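This report is meant to be read alongside the sequence and the three-dimensional view. It moves from the nonpolar interior to the charged pairs, a pocket and a few backbone details.

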Amino acid sequence: MNRFHPRIARGILCCLLLVGMAAPAHADSPAVAPAWSLQTPAGETVRFPEDAGGRPSVLMFWPSWCPYSRALQPYVQRIWEDYRDQGVNVWTLNIKEVADPVETLRERGLSFPLLLKADALMHPYGIERTPWLVVVDGDNRIVYTRPANPPTPIDVAKAVRRTLNDLLGPDHAVPLPTRYPPPYDLHLKSAKDVMDRPVPAVIPEEAWLPWVTDYLSGVGHDERVDGVAPRGSIAGGKTAIAIARDLWAASYGDDATRRQAPYRAFRKNNYWVVVGVGDDQALGEGMVLVLTRDRGEVVRIQWAEPPR
């Protein structure tokens, strides 16, 4: 039987242990958010609540090894993008880390504010599990805490947005999205399912390179998808896949995109080519996305057999 990667397996176990530590939900959680002073990766100091400026704040405590933190992060990214112009602060605080959180976020294509080495805050904030996410109002009161077992990260994102809109009032509230990108499958599986799930076989270069080369030969040098903004430099395949999932879901729907898993990303010269290979599809038989590596320009979105 194939096993999940040991590092991810340890992450799942640690998440479950943190959950198991809980007595009554939030029994030791403070009503007022404790003060702190932490540094950004650039060495700048952020002081809370001083730097919150009397405005609502979202605080998310996370380690890179936790799959549930990873599942929630894209939704926190969008909350930050949607609410920062309304004065809302979003800070993600790294805890219990064994890797490089800066590189982790870079690989995941995330850019929300990051603060380092927040382990000392675990006891003051009553942290029982990861990710630990709270919304703090302008008077420094904790008005929302992520529950122990939300159905999906989408439910958390909706609750955070509703809480922020209540705090902002009708004149500054941000319209709720009409759709949300699908959560990572890892979040929706039980620990046993994830541990027992076979790891997709690696496609050797001699198998994918001829197809990618042939496919790109039919892509025009100046070809671009109209109305889609560049996503910025794309260093890794995970980032390219995350972008592809979002764009495919917007074009073809969440369910159809989910059925295309697992996804593969291949790089040749200045292009990333991402494909869906669900249901034993051959390369190019499912969804395809082409991006430029340097600027993240969307060159082509395609499905060989689009829905009728």
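What follows describes selected features of this structure, which is a predicted model.

## Nonpolar cores

The largest nonpolar core has 27 residues, and those with the most contacts inside it are Val58, Leu133, Val160 and Leu164. At least two residues of this core come from each of S3, H2, S6 and H4, and H4 gives the most, with 7 residues. Val160 can serve as a point of entry into this region: when its neighbours within four places in sequence are left aside, Val160 is in contact with Val58, Ile79, Leu133, Val135 and Tyr144. Apart from this core lies another, of 21 residues, among them Val46, Phe48, Leu59 and Leu115.

## Salt bridges

The structure holds 9 salt bridges, and three of the pairs are set out below with the distance between nitrogen and oxygen.

| Pair | N to O distance |
|---|---|
| Asp82 and Arg161 | 2.8 Å |
| Arg106 and Glu103 | 2.5 Å |
| Glu297 and Arg295 | 2.7 Å |

In the pair formed by Asp82 and Arg161, the closest N and O atoms are 2.8 Å apart. Asp82 lies in helix H2 (residues 67–83) and Arg161 in helix H4 (residues 153–168), so this salt bridge ties together parts that are 79 residues apart in sequence. The two partners differ in their surroundings, since Asp82, at 35% relative accessibility, counts as partly exposed, whereas Arg161, at 2%, counts as buried.

The pair of Arg106 and Glu103 is a local one within helix H3 (residues 101–108), where the two residues are 3 apart and therefore separated by about one helical turn. Arg106 counts as partly exposed at 46% relative accessibility, and Glu103 likewise counts as partly exposed, at 31%.

For the salt bridge between Glu297 and Arg295, the glutamate is buried, with a relative accessible area of 16%, while the arginine is partly exposed, with a relative accessible area of 45%. Elsewhere, salt bridges that share partners join Asp137, Asp139 and Arg141 into one network.

## The second largest pocket

The second largest pocket has a volume of about 720 Å³. It is lined by 28 residues, and the closest of these to its centre are Arg78, Gly109, Arg231, Ile243 and Asp246. The elements that give two or more residues to this lining are H2, H3 and helix H8 (237–252), and H8 gives the most, with 7 residues. Sorted by class, the lining has 14 nonpolar, 6 polar and 8 charged residues.

## Backbone details in the loops

Two peptide bonds that lead into proline deserve a look in the model. The bond from Phe48 to Pro49 is cis, with omega near 10 degrees, and Pro49 is placed in the loop between strand S2 (45–48) and strand S3 (57–62). The bond from Ala261 to Pro262 is also cis, with omega near 0 degrees; Pro262 lies in the loop between helix H9 (254–258) and strand S8 (263–268).

Positive phi values appear at Lys117 and Asn140, neither of which is a glycine. For Lys117, phi is near 55 degrees, and this residue lies in the loop between strand S5 (114–115) and strand S6 (132–136). For Asn140, phi is about 75 degrees, and this residue is found in the loop between S6 and strand S7 (142–145).

Which of these two residues is buried, and which is exposed? Lys117 is exposed, because its relative accessible area is 75% and the class begins over 50%. Asn140 is buried, because its relative accessible area is 14%, and the buried class covers values under 20%.

The contacts of Asn140 lead back to one of the cis bonds: leaving aside its neighbours within four places in sequence, Asn140 is in contact with Ala31, Val32, Ala33, Phe48 and Pro49. Phe48 and Pro49 are the residues joined by the cis bond with omega near 10 degrees, and Phe48 is also among the residues of the core of 21 residues.

Conventions. Residues are numbered from 1 along each chain as its sequence is written. This is a predicted model: local features need pLDDT of at least 70, side-chain atom pairs count only at pLDDT 80 or more; totals for chains, interfaces and linings use all residues. Side-chain values use heavy atoms; hydrogens and water are left out. A salt bridge is a side-chain nitrogen of Lys or Arg within 4 Å of a carboxyl oxygen of Asp or Glu. Helices (H or I, at least four residues) and strands (E, at least two) are DSSP runs, numbered from the N terminus. Buried means under 20% relative accessible area, exposed over 50%, partly exposed in between (1.4 Å probe, protein chains only). On a 1 Å grid over the protein atoms alone, a cavity is a set of points where a 1.4 Å probe fits but cannot get out, and a pocket is an open set with protein on both sides within 12 Å along at least five of seven lines; lining residues have an atom within 4 Å of a point. Grid points are joined across faces, edges and corners, and a volume is the space filled by probe spheres set on the points. Ala, Val, Leu, Ile, Met, Phe, Trp, Tyr, Cys and Pro count as nonpolar, Asp, Glu, Lys and Arg as charged, and the others, Gly among them, as polar. Contact means heavy atoms within 4.5 Å. A nonpolar core is a set of buried Ala, Val, Leu, Ile, Met, Phe, Trp, Tyr and Cys residues joined through side-chain atoms within 4.5 Å.
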